[in-house]
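This is a short tour to follow with the structure open in a viewer. Select each residue or element as it is named, and look before reading on.

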Amino acid sequence: MVGKKLRQLRAEKNLKQTELAKILNLSKQTISAYEKDWVTPPADTLERIADFFNVTVDYLLGRSDSAENGSIVSGASRDFELPDTLPAEARQQIIDYAEYVIEKHKGN
Amino acid sequence: MPEQLFATAEKEEILVDYCDLPLDVLGAYYNAEGKPPVILLHEKIRHRRTLLRCVLAEELGHHFTTPCDLLLLAREKHLMYYKYEKLALLWAAQKLIPPDSLRTATQEEYFLEHEMAEYFDVTHRFLHTALTLYLQKGLI
């Protein structure tokens, strides 16, 4: 998935594999392997590729238009530090509340 | 003032409501395809204006910066989860504590941390997180 996107983005910028390799500080062979989807770039490389082409990592991974179930959910806790994983039940509870709010709004 | 943030939510056609959120979650943002986005705020912060302001700003931050389901990413301990949480916080921080105002304020006067929190009407925790982010990003 990443390979196709990477190839497209590189073509749009008119860059050769060697040129992109130099920019990202990788070898030409590595770029080639990514584009053929032989290997998926590690997270830090994905981020650098995304930053360079000004796209999101999700776009590279081919999931920018929707997440697994097409919903965005996030929770904030009191300390504004990164919250630990919320259990699946809590996540579902949040979704249920939100769906209820949407239904209530429709009724008005 | 939380009012301005509520106005932003309204302009973005986000539904905002209070409820008893599970665990220690104070705010949540939900956006499902084809439906209006929703921000849920914990009932217990309804009258705590400063905390409310910080939580609402963070959730608005997700509205403007998060492209996918974070709680799923969190479950997978996905690296991007941390990035998107940071992006939302940074959005909120810049909204409530604009780096320019921060620079001006600290040039004119020496602030203790709690005075600074009061000045910007944010909680200590929020201020602390915001300053840490700004330092990391070289914004101050």
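**Stop 1: helix 6 of chain B**

The model is predicted. Begin by selecting residues 113-120 of chain B, which form helix 6. Which residues of helix 6 of chain B are buried? They are M116(B), A117(B) and F120(B). These three cover an arc of only 100° around the axis, so they sit on the same side of helix 6 of chain B. Now turn to the other side of helix 6 of chain B, where E118(B) and Y119(B) are exposed.

Next, select the residue that follows helix 6 of chain B, D121(B). The phi of D121(B) is positive, near 55°.

Keep E118(B) selected and add E108(B), E109(B) and E115(B). Together these four residues gather in a patch of negative charge on the surface. Where in chain B is E109(B) placed? E109(B) belongs to the loop between helix 5 (99-108) and helix 6 of chain B.

**Stop 2: chain B as a whole**

Zoom out and colour chain B by secondary structure. Chain B has seven helices and three strands. Following the sequence, their pattern is α-β-β-β-α-α-α-α-α-α. Of the 140 residues in chain B, 54% are buried.

**Stop 3: a loop and a pair of positions in chain B**

Select E13(B), in the loop between helix 1 and strand 1 (15-19) of chain B. E13(B) is not a glycine, yet its phi is positive, near 55°. Is E13(B) buried or exposed? E13(B) is exposed, as its relative accessible area is 61%, and the cut-off for exposed is over 50%.

Then move to H63(B), in helix 2 of chain B. H63(B) has a relative accessible area of 18% and is buried; the cut-off here is under 20%. Add N31(B) to the selection and look at the two C-alpha atoms. H63(B) and N31(B) are 32 residues apart along the chain, and their C-alpha atoms are separated by 8.2 Å.

**Stop 4: salt bridges in chain B**

How many salt bridges does a search of the whole structure find over all chains? The search finds nine. Two of the pairs to visit are in chain B.

For one of them, select E3(B) and R49(B), whose side chains meet in a salt bridge with an N to O distance of 3.1 Å. This pair links distant parts of the chain: E3(B) is in helix 1 (residues 2-11) of chain B and R49(B) is in helix 2 (residues 49-65) of chain B, 46 residues apart. E3(B) is partly exposed, with 43% relative accessible area, and R49(B) is partly exposed at 39% relative accessibility.

For the other, select E43(B) and R46(B). Their side chains also meet in a salt bridge, at 2.7 Å from N to O. E43(B) counts as partly exposed at 32% relative accessibility. R46(B) is partly exposed as well, with a relative accessible area of 33%.

**Stop 5: a salt-bridge network in chain A**

Switch to chain A and select R7(A) and E35(A). They form a salt bridge in which the closest N and O atoms are 3.8 Å apart. The pair links distant parts of the chain, with R7(A) in helix 1 (residues 2-12) of chain A and E35(A) in helix 3 (residues 28-35) of chain A, 28 residues apart. R7(A) is partly exposed, with a relative accessible area of 40%, whereas E35(A) counts as buried at 5% relative accessibility.

Now add R10(A) to the selection. R7(A), R10(A) and E35(A) are linked in a network of salt bridges.

**Stop 6: two last places in chain A**

Select D37(A), in the loop between helix 3 and helix 4 (43-53) of chain A. What is the phi of D37(A)? The phi is positive, about 60°, although D37(A) is not a glycine. At 37% relative accessibility, D37(A) counts as partly exposed.

End at T18(A), which is in helix 2 (residues 17-24) of chain A. T18(A) is partly exposed, with a relative accessible area of 43%. Add K28(A) to the selection: T18(A) and K28(A) are 10 residues apart in sequence, and 5.1 Å separates their C-alpha atoms in space.

Terms used: Residues numbered from 1 in each chain as written. Chains lettered and ligands numbered in written order. Predicted model: local features only at pLDDT ≥ 70, side-chain atom pairs only at ≥ 80, totals over all residues. Heavy atoms only, no water. Buried < 20%, exposed > 50% of the residue type's maximum accessible area, 1.4 Å probe, protein only. Helix = DSSP H or I, 4+ residues; strand = E, 2+ residues; numbered from the N terminus. Arc of directions from axis to C-beta. Patch = residues over 30% accessible without salt bridge, like charges linked within 9 Å, V, L, I, M, F, W, Y side chains within 5 Å. Areas by Shrake-Rupley, 256 points an atom, 1.4 Å probe, with all protein chains shown as cover. Lys, Arg positive; Asp, Glu negative; His and termini not counted. Charge placed at Lys NZ, Arg CZ, Asp CG, Glu CD.
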